[in-house]
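User: I have a structure open and I'd like to learn how to read it feature by feature. Can you walk me through a few?

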Amino acid sequence: MSSHSDKNLVTLATLKKMKKDGDKFTCLTSYEATMTSKICDAGVDVVLVGDSLGMVVQGHDSTLPVTMDQLIYHLECVVKGNKGAHIMADMPFMSYATDDMGFENATRLMQAGANSVKIEGGEWISKMASMLSDRGIPICAHMGLTPQTINRIGGNFVQGRDPTKRELIINEAKSLEIAGAAMLLLECVPDSLTKEIMSELKIPVIGIGAGPSTDGQVMVIHDLLGISCLDKLPKFVKDYMKDSNSIQDALKNYVKEVKENKFPAKEHTFF
């Protein structure tokens with residue numbers, strides 16, 4: 001697997017072409033420069049500076065305490081280690097509570113080096129997706145299980161099994177694409193729902209616990225390396241260090257399995 005270089009940048013156009021050509025793309029979280037460099041060397045297409053740092057770096061029990069300043073600090077570290085991957089940055093909890101806040105904070109992330117920003121929510125973020133897209137800020141809408149609403153949801157449950165909720169997710173996904181969302185991330189939804197959404201959308205779809213049908217897959221780097229602090233790992237996680245001799249081998253094996261459509265397998269998929 002060849003590494004990326006500054007002469008071969010992964011852009012939104014790259015990801016759209018990969019979708020069109022049926023080529024799977026890979027995404028991993030990173031929060032600092034050295035790991036980002038190694039991730040790029042393995043050929044990962046998208047680096048997500050996620051608010052998951054609140055749990056895996058800061059030691060919180062949710063993503064909610066992460067601030068915009070903290071996210072930007074880690075984003076700037078990632079940018080320094082990047083070698084051509086597309087950098088996506090999370091909008092932290094309440095950083096987009098109003099349109100004005102969303103515009104200001106998305107601007108800060110882009111100026112700090114992000115190539116796109118990820119926002120959790122359904123149809124209620126459509127106006128913001130449209131506004132930011134019109135101003136040149138690519139948006140990835142995060143649907144399904146949305147960690148920032150964990151207190152309302154009541155736990156880490158698979159979303160979209162109820163027929164009413166399933167229909168709502170499909171309609172909201174279509175609305176977000178119409179509004180201007182450049183990508184969609186689906187978390188913890190049944191494979192059948194993923195397939196139906198994929199048949200309705202033209203934008204690239206990234207999955208985590210959403211089955212093998214998505215255009216791309218994302219994992220938290222700590223989960224991939226088998227160093228998660230969780231007592232029980234989610235079903236969709238695979239520890240790539242178990243069968244690898246080094247971190248670099250684990251990263252390359254992840255990329256290889258996603259590209260060859262071997263991950264996620266049946267045992268990582270919700271039905």
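Analyst: Sure. Keep in mind that this is a predicted model. Let's begin with the surroundings of one serine: setting aside residues up to four places away in sequence, S244 touches D249, A250 and N253.

User: Where is S244 found, and what does its side chain make a polar contact with?

Analyst: S244 is found in the loop between α10 (221–224) and α11 (247–259). Its side chain makes a polar contact with the side chain of N253, at 3.1 Å. S244 has 11% relative accessibility, so it counts as buried.

User: Let's try another serine. Which residues is S30 in contact with, leaving aside its neighbours within four places in sequence?

Analyst: The list for S30 is M35, T36, I39, V47, L48, V49 and V78. S30 lies in the loop between β1 and α2, and its side chain reaches the backbone oxygen of E32 at 3.3 Å. S30 counts as buried because its relative accessibility is 0%.

User: V47, L48 and V49 are on that list. How do I read a strand like theirs?

Analyst: Start with the general idea: side chains in a regular strand alternate between the two faces of the sheet. Now the case here. In strand β2 (residues 46–49), V46 and L48 point one way, while V47 and V49 point the other way.

User: Are those four buried or exposed?

Analyst: All are buried.

User: Which strands does β2 pair with?

Analyst: On one hand there's β1 (residues 25–29), which pairs with β2 in the parallel sense over 3 bridges. L28 stands opposite V47 there. On the other there's β3 (residues 86–90), parallel to β2 and joined to it by 4 bridges. In that pairing V46 stands opposite H86.

User: What do β1, α2 and β2 make together?

Analyst: They make a β-α-β unit, and it is right-handed. Helix α2 in that unit covers residues 33–41.

User: How should I read a helix? Take α8: how many residues does it have, and how far does it reach?

Analyst: Compare its reach with what is expected at 1.5 Å a residue. Helix α8 (residues 163–179) has 17 residues and reaches 24 Å from its first C-alpha to its last, close to the 24 Å expected.

User: What caps its N-terminal end?

Analyst: D162 does: one of its side-chain oxygens lies 3.0 Å from the backbone nitrogen of T164. Just after α8, G180 takes a positive phi of about 125 degrees.

User: Which residues of α8 are buried, and what do they pack against?

Analyst: The buried ones are I169, I170, E172, A173, L176, E177 and A179. The buried residues of α8 pack against two helices, α6 (126–134) and α9 (191–200), and two strands, β5 (139–144) and β6 (183–187).

User: Last topic, the cysteines. How many disulfides are there?

Analyst: A disulfide is a covalent bond between the sulfur atoms of two cysteines. Here the count comes to 0. C77, for one, is in no disulfide, with the nearest cysteine sulfur, that of C40, 14 Å away. C77 counts as buried, because its relative accessibility is 17% and the cut-off is under 20%.

User: Why is C140 not bonded to C27?

Analyst: The sulfur of C27 is the closest cysteine sulfur to that of C140, but the two are 8.4 Å apart, so they're too far for a bond. C140 is buried too, with a relative accessible area of 0%.

Notes
Residues are numbered from 1 along each chain as its sequence is written. This is a predicted model: local features need pLDDT of at least 70, side-chain atom pairs count only at pLDDT 80 or more; totals for chains, interfaces and linings use all residues. Side-chain values use heavy atoms; hydrogens and water are left out. The expected span of a helix is 1.5 Å times one less than its number of residues. Buried means under 20% relative accessible area, exposed over 50%, partly exposed in between (1.4 Å probe, protein chains only). Contact means heavy atoms within 4.5 Å. A polar contact is a pair of N or O atoms within 3.5 Å; within protein, one must be able to donate a hydrogen and the other to accept it, and residues adjacent in sequence count only if both atoms are side-chain atoms. Two strands pair if DSSP finds at least two bridges between them. A crossover is right-handed if, with the strands pointing away from the viewer, the path from the first strand over the helix to the second runs clockwise. A disulfide is a pair of cysteine sulfur atoms within 2.5 Å.
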